[in-house]
Amino acid sequence: MTLEARITRHVNRLFNHAQDTLANQELKEEIHSNLAARIEDYMEQGMDEDQAFQTAIQHVVGMDQIMSDHRRVRRVPYWTAVLQSALIYSLIAWIITIPMRVMVQGATINNLLMIMSVIVGGAYVFYMMKNRNTSTDPEDTTVIRTPVFLQWTRRVWWLWAGLIVVLWGTQAALRFGSNIWYSRPIQVEGPYQFTVIAIAFAIPLLSIIIPLIVQRAYRIVGKYEAGDVV
């Protein structure tokens, strides 16, 4: 087998599971030419053909990892889907908090969520209208590093959990701190006070919208993928 055939076979093997996209073809040609040039350099330094080939391919053995780490997604459909999910989550939160309007604090939160839904909805419509001419363009893509995205998704969830612990702890300290300090029993005087306390502890949970949106954005990467390789 000639050296050219060995290089071609090795590069083709790297792209076994990649889609036949223009970006992949360009990357394939680039790797092929770089590999050939590197082998030629090694042979000029005194290596035989087999030794030069084996040494050169060691520099591209990480391609499988690179191919699985970088995802090229169709930009407009992807971000439209993310905004759509954000709108749905904010609307659900707004609807859930409508019964809370019986309380002043609940009414404030419900109004804020309504404003948030209007803003996100406006951004969704604006983005769709602005990109309506390029929404189906297969070349209009963006690259997402999935390991980094996954790492940030986990961080957002941990930050949210920490925030909930702090806010619940603050509420507990404000409402029951003196009872706990003086070892007095905690008493809830009737359903009204119970509702007030329940709403106070439930409101911080609405912030779950943020990690849910981030996680949704991560999960739909594969759905809108245009290619596997950068």
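UniProt annotations may be inferred rather than shown by experiment. With that in mind, the unreviewed UniProt entry marks residues 76–96, 108–127, 156–174 and 194–214 as "transmembrane region". The structure discussed here is a predicted model.

**Confidence and layout**

The mean pLDDT of the protein is 83, and 89% of the residues score at least 70. Helix α9 has the highest confidence, at 93. Helix α4 (residues 63–69) has the lowest, at a mean of 58. Where pLDDT is low, the predicted coordinates should not be read in detail.

The protein contains nine helices and three strands. Their order from the N terminus is α-α-α-α-β-α-α-β-α-α-α-β. Of the 230 residues, 36% are buried. Contacts reach far along the chain: among those between residues at least 6 apart in sequence, 79% join residues at least 24 apart.

**Annotated spans and helix α6**

Two of the spans that the record calls "transmembrane region" can be set against the model's geometry.

| Residues | Distance between end C-alpha atoms | Helix | Strand |
|---|---|---|---|
| 76–96 | 30 Å | 100% | 0% |
| 108–127 | 29 Å | 100% | 0% |

Helix α6 covers residues 104–130. Does its length fit a rise of 1.5 Å a residue, or depart from that value? Its 27 residues should span 39 Å, and its end C-alpha atoms are 39 Å apart, so the two agree.

The buried residues of α6 are Gly106, Ala107, Ile109, Asn110, Leu113, Ser117, Val120, Gly121, Tyr124 and Tyr127. They pack against α5 (75–96) and α9 (209–219).

**Nonpolar cores**

The largest nonpolar core has 24 residues. Those with the most contacts inside it are Tyr78, Val82, Leu113, Ile144, Phe149, Ile220 and Val221. Helices α5, α6 and α9 are the elements that give two or more residues to this core. The largest share, six residues, comes from α5.

Leu113 appears both in this list and among the buried residues of α6. Phe149 is another of the listed core residues. Leaving out residues up to four places away in sequence, Phe149 touches Tyr78, Ile144, Val214, Ala217, Tyr218 and Val221. A second, separate core has 13 residues, including Leu14, Leu35, Ala52 and Phe53.

**Two polar side chains**

Thr153 sits in helix α7 (residues 146–181). Is Thr153 buried or exposed? The cut-off for burial is under 20% relative accessible area. Thr153 has 5%, so it counts as buried. Its side chain reaches the backbone oxygen of Phe149 at 2.8 Å. Beyond neighbours within four places in sequence, Thr153 is in contact with Val214, Gln215 and Tyr218. Val214 and Tyr218 are also touched by Phe149.

Ser207 lies in the loop between α8 (190–202) and α9. A polar atom of the Ser207 side chain lies 2.6 Å from the backbone oxygen of Pro204. Which residues does Ser207 touch, not counting those up to four places away in sequence? They are Trp160, Leu163 and Ile164. Ser207 and Trp160 are 47 residues apart along the chain, yet their C-alpha atoms are separated by 7.6 Å.

Note on methods: Residues are numbered from 1 along each chain as its sequence is written. This is a predicted model: local features need pLDDT of at least 70, side-chain atom pairs count only at pLDDT 80 or more; totals for chains, interfaces and linings use all residues. Side-chain values use heavy atoms; hydrogens and water are left out. Helices (H or I, at least four residues) and strands (E, at least two) are DSSP runs, numbered from the N terminus. The expected span of a helix is 1.5 Å times one less than its number of residues. Buried means under 20% relative accessible area, exposed over 50%, partly exposed in between (1.4 Å probe, protein chains only). Contact means heavy atoms within 4.5 Å. A polar contact is a pair of N or O atoms within 3.5 Å; within protein, one must be able to donate a hydrogen and the other to accept it, and residues adjacent in sequence count only if both atoms are side-chain atoms. A nonpolar core is a set of buried Ala, Val, Leu, Ile, Met, Phe, Trp, Tyr and Cys residues joined through side-chain atoms within 4.5 Å. pLDDT is the predictor's confidence in each residue, from 0 to 100.
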